Amino acid sequence: MVKRVLDAREKRLFEEYLIGPDPKQAAINAGYSASTAASKAYQWLSISKIKPHVFDAVKAAQAERSVRCP
């Protein structure tokens with residue numbers, strides 16, 4: 001299975017979510033519309049089957065953060 005890389009907007013969504021873990025606001029800050037952010041952002045960031053590459057990036061960053069800041 002080929003691992004998908006985050007595109008520019010997904011990368012921004014990921015970065016915004018790590019700054020403040022509000023999925024809707026992170027999506028809006030990343031350039032998604034408010035309606036899309038409200039209906040999809042939580043799923044993208046918390047359900048591994050919808051956007052697995054985004055989910056994996058978030059989980060890896062959270063794990064790294066928990067090692068640095070126990």
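This passage describes helix α1 and the packing of helices α1 and α3 against helix α4 in a predicted model.

Helix α1 comprises residues 8-19, and for these 12 residues a rise of 1.5 Å a residue leads to an expected span of 16 Å, with which the separation of 17 Å between the end C-alpha atoms agrees. At the N-terminal end, α1 is capped by Asp 7, of which a side-chain oxygen is placed 3.1 Å from the backbone nitrogen of Arg 9. Within the helix, the residues Glu 10, Leu 13, Phe 14, Glu 16, Tyr 17 and Leu 18 are buried, and the buried residues of α1 pack against α2 (23-29), α3 and α4.

With respect to α4, helix α1 makes a right-handed crossing, in which the two axes come within 10 Å and cross at roughly 35 degrees. On the α1 side the contact is formed by Glu 10, Phe 14, Tyr 17 and Leu 18, and on the α4 side by His 53, Val 54, Ala 57, Val 58, Ala 61, Gln 62 and Arg 65. Classified by residue type, this contact of α1 with α4 contains seven nonpolar, two polar and two charged residues.

Helix α3 (residues 34-46) also packs with helix α4 (residues 52-68), at an angle of about 65 degrees and with the axes 6 Å apart. The residues that make this contact are Trp 44, Leu 45 and Ser 46 of α3, together with Val 54, Phe 55 and Val 58 of α4. By class, the contact of α3 with α4 has five nonpolar residues and one polar residue, whereas charged residues are absent from it.

Notes: Residues numbered from 1 in each chain as written. Predicted model: local features only at pLDDT ≥ 70, side-chain atom pairs only at ≥ 80, totals over all residues. Heavy atoms only, no water. Axes fitted to C-alpha atoms, helices over the stretch in contact; angles between N-to-C directions. Helix = DSSP H or I, 4+ residues; strand = E, 2+ residues; numbered from the N terminus. Contact = heavy atoms within 4.5 Å. Nonpolar A, V, L, I, M, F, W, Y, C, P; charged D, E, K, R; others polar. Expected span 1.5 Å × (residues − 1). Buried < 20%, exposed > 50% of the residue type's maximum accessible area, 1.4 Å probe, protein only. Polar contact = N/O pair within 3.5 Å; in protein donor to acceptor, adjacent residues only side chain to side chain. Left-handed = near helix turned anticlockwise from the far one by under 90°.
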